[in-house]
Amino acid sequence: METLEVNTQLTYSEAVKELEDIVQKMQSPDCSIDNLAQYTKRSAELLKICKDKLTATDQEVKKIIQQLDESTK
């Protein structure tokens, strides 16, 4: 499994895809118990990336809406 830093410039879609891949590996009957900690750690990193990107997007959208509201007054 590829190990990347949390700060790596993954797109949201890439992070979600990697999460989906990890879930499939964990659900496989061939999944080794020895890999579960590594999968869980990487999943937590990916979830943080996704959360950060969603939060940033939400803030950006709110800022744009506020600017639109101010310009129409």
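## A tour of a two-helix chain

Start with the whole protein chain: of its 73 residues, 18% count as buried. Keep in mind that this is a predicted model. Colour by secondary structure, and the chain shows 2 helices and 0 strands. Now turn on contacts between residues at least 6 apart in sequence: 68% of them join residues at least 24 apart.

**Stop 1: helix 2**

Select residues 36–71. This is helix 2, with 36 residues. How far apart should its ends be? At 1.5 Å a residue, helix 2 should span 52 Å. Check the end C-alpha atoms: they are 52 Å apart, which agrees with the expected span.

Next, pick out the buried positions of helix 2. They are Tyr39, Arg42, Ser43, Glu45, Leu46, Ile49 and Cys50. An α-helix has 3.6 residues a turn, so residues three or four places apart point the same way. Look at what these buried residues face: they pack against helix 1.

**Stop 2: the helix pair**

Add residues 12–27, which make up helix 1. How are the two helices arranged? Helix 1 and helix 2 pack at an angle of about 155 degrees, with their axes 9 Å apart. An angle over 145 degrees counts as roughly antiparallel, so helix 1 is roughly antiparallel to helix 2. Their crossing is left-handed.

Show side chains where the helices meet. On the helix 1 side, select Tyr12, Ala15, Val16, Glu18, Leu19, Ile22, Lys25 and Met26. Their partners in helix 2 include Leu36, Thr40, Leu47, Lys53 and Leu54. Tyr39, Arg42, Ser43, Leu46, Ile49 and Cys50 are also among the helix 2 residues that meet helix 1, and these six are buried.

**Stop 3: the nonpolar core**

Which residues form the largest nonpolar core? Select Leu10, Ala15, Leu19, Ile22, Tyr39, Leu46, Ile49 and Cys50, 8 residues in all. Helix 1 and helix 2 each supply at least two of them. Helix 2 gives the most, with 4 residues. In soluble globular proteins, nonpolar side chains tend to be buried together.

**Stop 4: Ile22**

Finish by centring on isoleucine 22, in helix 1. Is Ile22 buried or exposed? The cut-off for buried is under 20% relative accessible area. Isoleucine 22 has 2% relative accessibility, so it counts as buried. Ile22 is also one of the core residues from the previous stop.

Now draw a distance from Ile22 to Tyr39, C-alpha to C-alpha. The two are 17 residues apart in sequence and 6.4 Å apart in space. Tyr39 is buried too, and it belongs to the largest nonpolar core along with Ile22.

Definitions and conventions. Residues are numbered from 1 along each chain as its sequence is written. This is a predicted model: local features need pLDDT of at least 70, side-chain atom pairs count only at pLDDT 80 or more; totals for chains, interfaces and linings use all residues. Side-chain values use heavy atoms; hydrogens and water are left out. The expected span of a helix is 1.5 Å times one less than its number of residues. Buried means under 20% relative accessible area, exposed over 50%, partly exposed in between (1.4 Å probe, protein chains only). Contact means heavy atoms within 4.5 Å. A nonpolar core is a set of buried Ala, Val, Leu, Ile, Met, Phe, Trp, Tyr and Cys residues joined through side-chain atoms within 4.5 Å. Axes are lines fitted to C-alpha atoms, for helices over the stretch in contact, and angles run from 0 to 180 degrees between N-to-C directions. Angles under 35 degrees count as roughly parallel, over 145 as roughly antiparallel, 65 to 115 as roughly perpendicular and the rest as oblique. A crossing is left-handed if the near helix is turned anticlockwise from the far one by less than a right angle, and right-handed if clockwise.
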